[in-house]
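This report describes selected features of a protein model, moving from strand pairing to ring contacts, backbone angles and nonpolar cores. The structure is shown first.

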Amino acid sequence: MERTSRYFAYCIIAFATLYACGKERAGEPNPTGKQKEIEIVLSTAPVQTSRAPLDGIGMDEGNHNENRVETLDLLVFGSDGGFLYSREATALTPSGSEHTFRTLLQEAEDTLTVHLLANCRTLVRTWEAEIDRTGLRWESVHGQLIDTQPERLVNSASFEPLPMWGTIRGTISGSYTPKRWGPVQMLRSVASVDLFVARTSATAGFELSDLFVCFAADRGAVGARGNGATDPVRYVLPVGMSSSLHAVEGSRMQATGIASYNTDQGAYDGIAYQMYVYENYFTTTSDESARPMRAVVAGIYDGQKSYYPIDFLVEDGVYRPIIRNWKYEFRVTSVAGPGYATLEEAARGVVADINVEVIAWNKEDVTMGVQGLYYASMPGKEVVLQRTAGSSGRLKLTYTVRDGGSEQFSVDFTGAENGTQQAIPDGIRNDFFSVVMIQTSDGAGNGTVVFEITALQDNTAVAERTDSVTVTFRELFFTLSIRQLDGASDGWEDGGEWPVGGV
């Protein structure tokens, strides 16, 4: 299901012979010992005045503020794994898209491990002031650097820079000074939740106003330590982390402000300010203080304020863990019912369905539809077929029905350019493609529909053959795109054959 790209903040740390700067902090080695100055160059993406469309996707790449590094702190550990000292990196004057930081590190013959924390200075200073931390291992330090005010990171006109973390290993010996360390991968310590509503006849009765997150983590680790999971990578959660209805008692995670976006894929209304949350891996609802996170869309429907819950699900209906540096983007294609009257009802109700360049987030892109007591989501809507007859591909839709109504789906080709539509068992066909629906239901209103799409003829043309199919589920609909690769002799990069006669 997942359509992801691995994007990170890349840091190149260049060592140079420069004037001394950087502040000494508690727990440092003897300040009279020999130290070497390093320069850390941060290059961030160009500042944008608004959220710009992503190439080929038509939506946004996020706010440029997500890439800001205002403060940088270094926690230095020795080869035995024990904490030695910390240093602040002092920012120099920015130049264009580059920002330069400097600091001093103590000469050492053994290999050092340096953890970099961006935009976490207040937290690091408080941590240092409590007791002498010398000798602690990163496993302990990681568990002590905990942000307990996640609501501060909800974007607004006054943006709070996002916490980030990275690590690097190297030696700063008296006989050798490397000219460069890196690149260092900097991860944002939070995930982003974003929402867009298509402006079509299917959403004409709904006016977007807010996005809420309920059962979000009430705290998060600003540093990272892997917990063993690799698909995708997950990190250790703070001890005592909970996810009650409101992330912090009496405080709502709420993003407001509406902006309009015109893209190649159509017109959308979106939440102007971002929602940022810490990780939450809970996947059951049995414990009221340890529930999976859910989003709630709010707006005006038929003249009344209405609330629509959205669950973060994988394609088989299991709750999806919320992971740092991931962007969870929802696109609403249809709103055909009143939803819930209050946020609390929606939150508990059934789904109605250093050279740093931060270029993008890992991505979750889900198209969804909601109608009061039924919901459908579809993570992928395009299938690419090989040029030979018999080539096939599958797309999957997940749905939930809580009103006891129909679970019936229908499909139709949107045009007749590839021949007249004919009915076949559980699907349709024309001259070039067939679409068969394979539906599975648990009998309690939860199910999936797999759309198996097959090429019926070879494509011998020098252009791709395309078609589209409309999937209808009561008052919700989705459009599937079909591409069959062309017969051009140089098309092997798209899965074709070598040219006749070789190369």
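## Strand pairing, aromatic contacts and cores

Strand 3 (residues 72–77) and strand 4 (residues 83–91) are paired in the antiparallel sense, with six bridges between them. The model in which this pairing is found is a predicted one. Within the pairing, D73 has E88 of strand 4 as its bridge partner. The two strands, strand 3 and strand 4, make a hairpin in which five residues lie between them. In the turn of this hairpin, G81 has a positive phi of about 90°.

A further antiparallel arrangement is an open sheet of four strands, in the order 15-11-19-20. Its edge strands, each of which pairs on one side only, are strand 15 (253–256) and strand 20 (304–311). On average, neighbouring strands of this sheet are turned by 25° against each other, direction ignored. Strand 11 (residues 206–214) pairs with strand 15 in the antiparallel sense over four bridges. Here D210 stands opposite T256 of strand 15. In general, the strands of a sheet pair through backbone hydrogen bonds, in either a parallel or an antiparallel manner.

The aromatic side chains are considered next. The count of aromatic pairs comes to 14. One of them is formed by F196 and Y261, an edge-to-face pair at 5.5 Å centre to centre with 75° between the planes. This pair links distant parts of the chain, since F196 belongs to strand 10 (residues 191–198) and Y261 to strand 16 (residues 258–263), 65 residues apart. Is F196 buried or exposed? F196 counts as buried because its relative accessible area is 1%, under the limit of 20%. Y261 is also buried, at 14% relative accessibility. Elsewhere, F77, F83, W127 and W138 form one aromatic cluster.

Two arginine residues lie over the faces of aromatic rings, as listed below.

| Arginine | Ring | Distance from the ring centre |
|---|---|---|
| R234 | Y281 | 5.5 Å |
| R465 | F432 | 3.6 Å |

Positive phi values also occur in residues other than glycine. Phi of N119 is near 60°, and N119 is placed in the loop between strand 6 (108–118) and helix 1 (121–130). N119 is buried, with a relative accessible area of 12%. For F215, phi is likewise positive and near 60°. The loop that holds F215 runs between strand 11 and strand 12 (220–221). Which class of accessibility applies to F215? At 0% relative accessibility, F215 counts as buried.

The nonpolar interior completes the description. The largest nonpolar core contains 53 residues, and those with the most contacts inside it are L75, L195 and V277. Strand 21 (residues 326–335) gives the most to this core, namely five residues. Which residues are in contact with L75, leaving aside its neighbours within four places in sequence? Among them are F83, W127 and W138, which also belong to the aromatic cluster. The contacts of L75 further include Y85, S86, T113, V114, H115, L117, V124, V141 and L145. A second, separate core has 28 residues, including Y374, L395, F432 and L480. F432 in this core is also the residue whose ring face lies under R465.

Note on methods. Residues numbered from 1 in each chain as written. Predicted model: local features only at pLDDT ≥ 70, side-chain atom pairs only at ≥ 80, totals over all residues. Heavy atoms only, no water. Pairing = 2+ DSSP bridges. Axes fitted to C-alpha atoms, helices over the stretch in contact; angles between N-to-C directions. Phe/Tyr/Trp six-rings, centres within 6.5 Å; stacked < 30°, edge-to-face > 60°. Buried < 20%, exposed > 50% of the residue type's maximum accessible area, 1.4 Å probe, protein only. Lys NZ or Arg CZ within 6 Å of the ring centre and 35° of its normal. Core = buried A, V, L, I, M, F, W, Y, C linked by side-chain atoms within 4.5 Å. Contact = heavy atoms within 4.5 Å.
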